[in-house]
Structure formats: C-alpha cells, structure tokens
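New to this one? Take a moment with the picture below, and then we'll walk through a few spots together.

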Amino acid sequence: MKKAALILLLLSFSSVCFAQNIDLASAIAPNEEFEKQIETDDNDEKVADDRGIFSFLNFSFIKKHTSSKTDNEDELMQAKDDSNSESAANEPIKPETPIERMERLANGGKLDAQLNLGYMYLYGQDGVQTDYQKAFHFYELAANQNNPIALNNLGSLYFNGIGTKVNYQKAAELFFRAAQQGSDDAAVNLAFIYLSSENTDGQHEDAINMFKDAANMGNNTAKFMLGYAYYKGFIVEQDFHKAVALIKDAANAKFDIAQYMLAVMYRNGQGIAKNYGNAVKNYRLAVSQGNVPAMMELGEVFAKGTIYPKNEYMAHILFNIASVYNAKGADVLRDEVEKLIKIEQLLEAQTTAENYKENPSELTLYIRQTYGNDVRIYIDENIKKQNRGTNGYPQQ
C-alpha cells in the first residue's frame, strides 16, 4: 500500500456509504455546526445530543489512557515542589489546580497528560467542561509525538470536524500513520475509507490487507469484515471455512451481525456442519440485540416447522417485533400466523412483543454508531458495482 494513495481516495467517495441509512452520510455532508467551536455549555450539550455518540469514526471506542491522572502523581508532586521552591525564592504565587498542573505538564510535552486531557475535554469528564478545541489541541500535541492512540483520535476529529474544520485527507493520513504504529482501530477506519472509494485500482485490496492486519491483532470488527469478504469471495477467493472461523470469533465477541451470519452458515452448512439447533441459538442471540434479519428468519423457522419444531406463538412475536422495525412483509406474516393461534396465546404474544427491548452489546453499539447498522453493505455494494458496466447497467 502506497502512502500516495491516501491523498487520492478522499477525493472520490463512493455512493456505497451514502446509500446506507447510516451516520456516515451526515458526517460527510457539510456541517456548519461543527465547523465552529461551541461557545456555551448549553450549546455543547445540544450538539452532543443532536449527534449522539459521534458519527462515523466516533469516539465510543476511546478509553482513558492506561495511565490515569494518579499515574502522573510523581510528576505532579515534583511540579508542586518546584513551584514551592520558586515561590520561596520569589513572591508567593497562587497554587495551581490539578487541571492547571496537568495542562502545564501536557503543554510541556508530557504524553500521559496530553492523552488524558484530550479525553477529558472531548467528553467533559473529571470536572472539566466539554471543549472540542482543547480536546483537539491536546490530541494534536500527543500526535506530534507519534502516539498511535492520539493519531487515530486526531484523525477522527478531522474526519468529523470536531474542534477543527473537516479535512478528510488529513484524517486519512493520520489513520495511515496510526496503523503503521500498530493501531488496529486506525487500520479498520482506513479500511472502511478504502471500501468507500470509487477508485477501485488497488483501494479495495488495501482495505482487505488492512482488515487482515487488524484481525491478526484481535480486532473483532476486522475479523467480521474479513470473514464476510471470504464468505462473498470479495477480493479474496471464496472460502467458507475461513469465513466461519473469523465470523465465529466476532459472534463470540457478541457482534449481532456476526451472530446472524453464523446462524445462516449453520443453517446452510457453509464451512461448518449443518446444525439447526446452533442456527436457532445464534438467531436468538442476534434477535436479543435487535437484529431485524434474524427476527424475520427465525420467525420463518418457527412458522414453517421444517428445520425446528413449529411454534406459531414465537413466530407471531418475532414478526410482530420486526414490523415495529419496519421490516418488509413482517406485518403480513404476523397477520397470517395470527389466524393459527388461540386467542389466549395471541394476547400473551402481543404483550410479549410490546415489552420487547433490544439489548445490544458494547461491540454491536460501537459498530452501529461508527460504521452503520449493517457493515455488510460496504462489501455488498462494491460487489454490485463490479457486476455493472461503466454506465451502471449489468454487464452482458
């Protein structure tokens, strides 16, 4: 992968991402609200509420730096001693607050302080008000020290225009540098950008290579995307055995789409022995997280009773819930099953459906909020484009 490719990819974003109902569309669209620093606390809160957890390439994955503020205790105490020594020799000075001390250390080059302050100002943690410009400042200082966490997070700030103006080219360059420093998050971010590029000359191969690198580091988003590439035969040769191994890892990490895909592979015997019981088990796990395709297919399984004991009661519940999510045809299937259920069961099924609440895992939430509700579309849409001619019509 050549660094020069990074400069080109952001000049030609594909319609792949815009076709999805995901936050990436709003992230790429001009957003004047985020091109200026928020001036009041009320406005800060409003912007955060409007966007939720930041859209594409958001910060839900950011954790406080492994060394907390107390890890800087020796430095802070030393700074205090130095300050006291100076004040003894000169006139008394006003004691520093903990935040002032940390900012002085950060501006003086202390990496831990820079990372902690970047996080604190981004989210308004530990007694400080949210300040995107300060968050940008401290992450930039840490990025200047080539820290992979800071490089990746600064790239996300540039991508979303938080604390600075939107700059996709700069974001990609920072993700690239962070990936070179071993950041699996940055490698995945850059891979999705590559998949979103209309320039397919090497970009998609680079995306798969990025997913491979991140998967080898244990990144479950990368494992799923690489597994799905093997499942579909996208860039790599189709290999169900490799696909199921990678997708199973992501399913075990509680990613809902991985659980759904694993159910499909168990049901069809793709890369793994057919096992309808395990298929139903994984469908159920995905349903509990609000996965609509799993609701529809599991409802079908219960309604037909061909691969699992028939259960119209459960089928009605699933189709009823799916209809709330506007799944195509769910209401029709629900009403058909309704005719087969006794009134007592029907009333109970309706109550159960009404009380249903999805419970997505941390990984599922992160992927949905960062890359969209169904990351498979990044590969599926590229495959569709490959099967069309240059005018958009299917190749003959």
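Over which residues, from 1 on, does pLDDT stay under 50, and how many contacts beyond four places in sequence does the model have for them? The stretch is residues 1-56, and the model has 119 such contacts for it. Keep in mind that this is a predicted model. Residues 58-64 also stay under 50 in pLDDT, with 29 contacts beyond four places in sequence. Where pLDDT is low, the predicted coordinates should not be read in detail. For the protein as a whole, the mean pLDDT is 82, and 75% of the residues reach 70 or more.

Now for the inside. The largest nonpolar core counts 111 residues, and F211, F224, M225 and V375 are the ones with the most contacts inside it. Take F211: setting aside neighbours within four places in sequence, its contacts are V188, A191, F192, L195, A222, M225 and L226. That kind of grouping fits a general habit: nonpolar side chains in soluble globular proteins tend to be buried together.

Next up is helix α18, which runs over residues 312-324. From first C-alpha to last, its 13 residues reach 18 Å, close to the 18 Å expected at 1.5 Å a residue. Is α18 mostly covered or mostly open? Mostly covered, with 10 of the 13 residues buried. Among those buried residues are Y313, H316, F319 and N320. The buried residues of α18 pack against four helices: α16 (276-288), α17 (292-304), α19 (330-338) and α20 (343-354).

Between two of those partners, in the loop joining α16 and α17, sits N291. N291 has a relative accessible area of 5%, so this residue counts as buried. A polar atom of the N291 side chain lies 3.0 Å from the backbone nitrogen of A294. Not counting residues up to four places away in sequence, N291 touches D256, I257, Y260, A286 and R368.

Finally, a look at backbone angles. Most residues other than glycine have a negative phi. Here are two that go the other way:

| Residue | Phi | Loop | Relative accessible area |
|---|---|---|---|
| D126 | about 55 degrees | between α7 (111-123) and α8 (132-143) | 36% |
| I235 | near 70 degrees | between α13 (220-232) and α14 (240-252) | 36% |

D126 is partly exposed, and I235 counts as partly exposed too. A positive phi also turns up after α18, at N326, where the value is near 65 degrees.

Note on methods
Residues are numbered from 1 along each chain as its sequence is written. This is a predicted model: local features need pLDDT of at least 70, side-chain atom pairs count only at pLDDT 80 or more; totals for chains, interfaces and linings use all residues. Side-chain values use heavy atoms; hydrogens and water are left out. A nonpolar core is a set of buried Ala, Val, Leu, Ile, Met, Phe, Trp, Tyr and Cys residues joined through side-chain atoms within 4.5 Å. Buried means under 20% relative accessible area, exposed over 50%, partly exposed in between (1.4 Å probe, protein chains only). Contact means heavy atoms within 4.5 Å. pLDDT is the predictor's confidence in each residue, from 0 to 100. Helices (H or I, at least four residues) and strands (E, at least two) are DSSP runs, numbered from the N terminus. The expected span of a helix is 1.5 Å times one less than its number of residues. A polar contact is a pair of N or O atoms within 3.5 Å; within protein, one must be able to donate a hydrogen and the other to accept it, and residues adjacent in sequence count only if both atoms are side-chain atoms.
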